[in-house]
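Here's a quick walk through how the parts of this model meet. Have a look at the structure first, then read on.

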Amino acid sequence: MQTVPVKKRFPIAGMAERRSFTLLVSVFVALLEFCSCTRQVELSLKSRRPQLVIEAVVSNGTLGSYVKLSWSQPFAVQADYTDEANALVVLSDSTRGLKDTLSIFQGTDGHPYFRSRWIRPITGHVYHLKVQLDDKEYTARSVMPDTVTFQGITLLSEAGRLSESSVFTVVPKYVDQGGVRNYYRFEQYVNHKKDPGVSVMNDNVGDGLMNERPIFTKDIDIHLGDTLTVVMIQITQPVYQYFYQLSQNQEELGATPDNPVSNIEGGALGYFSAEDRQYFTAKISDDN
Amino acid sequence: MAHRFALLVVFVFCMACAVSTQAQHAARIKISGTVRDRSSGELLGDVNVRYNHRRGTLSNSYGFFSLVAGESPVQVTISHVGYVDSILPALFTKDTVLEIALRPAALSQAALDSNAVSVYARNDQRYVASQMGISQVDLRQAAKLPVIFGERDVLKTLSLLPGVKQSADGNAGFYVRGSNTGQNLILLDEAPIYNASHLFGFFSTFNSDAIKDVTLIKGNADARFGGRLASVLDVHMKEGNNQELHLAGGIGLISSRLSLEGPVQKGRSSFLITGRRTYADLFLHLSKDKDVKSNSLYFYDLNTKANLALSPSTHLYFSGYLGADKLGLKDQFMIDWGNKVGTLRLNSILGDGLFSNTSFIFSDYHFNILLKSGNNRFHLNSVIRDMDFKQDFSWNSPVGSWHGGLVSIYHQFDPTHFSGGNDSADYTQYKALQRGWENAAYLSYNGKVAARFELSAGIRLSAYSLLGPGKFYKYAPESTAPVDSLSLSGGQIGKTYLNPEPRLALAWQLNKSASVKAAYSRNTQHLHLLSNSVSTNPTDQWIGDSYNIKPETADQLSLGYYRDLSGFRLEAETYYKWLGGQVDYRNGADLTTTGDVQSQLLYGKGRAYGLELYFKKTAGRLTGWVSYTLSRTENKIAGINGGEWYKARQDRPHDLSVVALYPLSARWEIAGDFMIATGNAVTFPEAKYRLNEQSFFYYAKRNDYRMPVYHRMDVNFTLKCRPHPHYEASWSFGLYNVYGRQNAYIIQFEADPDQPGKTTAKQTSLFRWVPSVTYNFKF
């Protein structure tokens, strides 16, 4: 594992888009905090019939290519989600003419999942998903996007003296591919715990240039001495749009929330993504 | 009983009519002129000018009136709320232009305040105007009402009126009859204000010291006004005292105000300069922490006005407004936004009851976000800039009054885009400026068609043309990819939308104290406010009509009943509004970095209907009003909520406000308000699911749930300082949200990261028990 020295810079580096503004609103709301308060409330929400949730990925990540099936549940139910292990799941690479019927495995988190032995992500290849369950069929298609190298991260902090309470923000370093639409998703793990913030980027700004935009954590602050893992996932446009909607739903004062549009046919929730994952892990130190 | 001595009349010049005209119309005498406040020289609008005990006319917002008497000699009587009724001490036998100075009902402001109520009651029986849906804000009363942080704010007072709703707790944004905030035409001395709020909507841009009068017209404005669907908020700045120099101000918890006014040429020309600035950041400077010290957080307003009498019948006015917000964090992050507006106006009395008002207007709204990190320096900004020319003629003929005119506006939009970078890379997004040319011509008539029947009819023809240069894309609702494009060269006129807008209002006087009115109006809106946020944001952007965006339209039908009882007034109005060309954004829209924001938009229609009841007590020691609105607002937009009708966020079926003012003694006065309203329509999740080892929420129909009921009571005490020969002063002590109701500002849904499937709903409330104290003075 590497150590990443800290640069004393302000956190809101780069083109922070919506988030910079949300942050600003938060600053203002913080100023008003003496007259605001938050409390838990009980709401009477209607119940919806459970729906199948499909998380299907063709990836070079640690789990390889996999499909996770579970059921949605009403808001009021506070138990863990119900997994689905009795489906027929087929992944295929139509460019290579390869088909794989996935078999079920028990995950380290205790949840079963379907894992592929043969399907691997190759740029430009077209992948298909088929899930059969109780006479219903769900299908999807995804084309593996181009990839660029994840070079590492820069850490930014507020100006001034660094201390244990200093909070850091990550700027992932990569050079975007010019002239091509690229979409990125990031996950951050602080001391091996995943931050729930959904973070996506496109290249509307800075096409073909080194990225200067930070990614923010939602719940977990990054401090000196923490071990940080950043996962850069290159995704397709429909999957970007899916996660962009999820990220908007996480905004406190954002737009009216709505369900993301799934690229899976047949009425399931979730997405099918052919994607490239690159990892960068470092311990944060104040060496310089 | 009228007070002859109360009047100062200057016979400026008498115009002898042509002999032949005199011979033909010996009995017809035209009386015109202007009406001012005698002590300050301010022009007075809505002054009742009668002749020979007949109903005459009202002065317009520039203090101008004109009437034609069918008999000779003519005796003229003037009356106005808060002023002494006056009979002019002369009988007129030929056409005459008058400059009239009315004396306030009591000489000192202190005495005026204490007896304002009885004066108001005596003058309240105004003749029935056919226009409806009009609310005039009583600024003296508004000054005594409790407001958050003690910051007097006319926009917040509006939400206590029927049909008007505050956008959020403590917010100056407002919705009129179910429409959104971008559908209100906010005019400051005729210049449009594109963002009338400071500090994310918690304060309005209107400094109460600079404001002379405020009128809200809820969708039934006459043909002179156009360009927005829901309402016209017509704000006029004071002209400045043309008699003597005055200094006034106020010191509050959040901001301080100072205004200076006085004559340029005594009795003829005057100026006014008022300023307001918040000083939260000055406290930041007191901090020992360097980082805190270098933050900035303030807003300011600067209003200026000057008027110059070029001749007795020609006046030149200049009004200017400059306001800005600045929030900065240690020179690394800065956001500033603000309006710059200026109006140059020429008022001329052309004779024969003809009055001309020519205006040149400039309006500019911008926001800019600066982000600095290391060698990088980025901006996110947007600008909307207008240049307007307006020519309005009004003519008071023997059979009624006429308005006619032209409006031409050149709009320029700089769409929200990023710019900047570092020494080696440029991240600037090049988005083309967009240009539009808006034109309108109108003609309206207002007059009596029968003994008890008043009619107001008008037509406005509005046009909007897209101007080159530029490349324009067309989109289909199902995709964000363009389906077609075309190019325009510099100055070339592209798509033009032409919309006729008929307006009609009828009033029928049932008896001495009761009347019914009916009105229909069509309004068209060519500029559209894009906002994908639930709060008022300075980054919300305006966009004009295009090949994709068609004009928004509203057809409003309303019916009203009005009754004056002794010391009370009852108003009941119902309305139904059909809305077309409504603009919304797609789910998952990115309005900031997308190359062409039009690819993110969807279109549809809306409907709004309701009943508004207003019961006002105008006489006695206790005054105030009760206002209740029952309403519904819905939208139907292809691509949202499965194309089904859904409630608009601002749909609040029940809305009740109670306002009361009571003088406790000669010096103390208490004012309070209470309001209760249905919560906003909101979208809540009905299910949840797991993806990537975390919980996400599933939303059913849009805006199918409600925030909890909103209610609140505020109170304010005003203490007048002891009378002093050289100055007046008062203290204002307020408490916002007296019983500390935790009104829901937002409700968020959270998942427990350690217990899969466990979720909670959390409500955040702002503003419990906000006390305030303000000191006001006037020299």
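Chain B splits into domain 1 (4-105) and domain 2 (236-778), with bounds that come from an automatic or database domain assignment. The C-alpha centres of these two domains of chain B sit 37 Å apart. Their contact draws on 22 residues from domain 1 of chain B and 22 residues from domain 2 of chain B, where two residues are in contact if their C-beta atoms, placed from the backbone, lie within 7 Å.

On the domain 1 side, β1 (8-14), β2 (29-37), β5 (64-69) and β8 (96-102) of chain B each give two or more residues. Here β5(B) gives the most, with four residues. Strands (E, at least two residues) are DSSP runs, numbered from the N terminus.

This is a predicted model, where local features need pLDDT of at least 70 and side-chain atom pairs count only at pLDDT 80 or more, while totals for chains, interfaces and linings use all residues. Residues are numbered from 1 along each chain as its sequence is written, and chains are lettered from A and ligands numbered from 1 in the order in which they are written.

Now for the contact between the chains: chain B puts in 66 residues and chain A 69 residues. Among the elements of chain B that each supply at least two residues to its side are β23 (333-351), β24 (354-373) and β43 (685-691).

The make-up of two of these sides, by class (Ala, Val, Leu, Ile, Met, Phe, Trp, Tyr, Cys and Pro are nonpolar; Asp, Glu, Lys and Arg charged; the others, Gly among them, polar):

| Side | Nonpolar | Polar | Charged |
|---|---|---|---|
| Chain B, touching chain A | 30 residues | 26 residues | ten residues |
| Domain 1 of chain B, touching domain 2 of chain B | nine residues | nine residues | four residues |

There's strand pairing across the chains too (at least two DSSP bridges between two strands): β5 (residues 73-74) of chain A and β43(B) pair in the antiparallel sense over two bridges. In β43(B), A687(B) is the bridge partner of P74(A).
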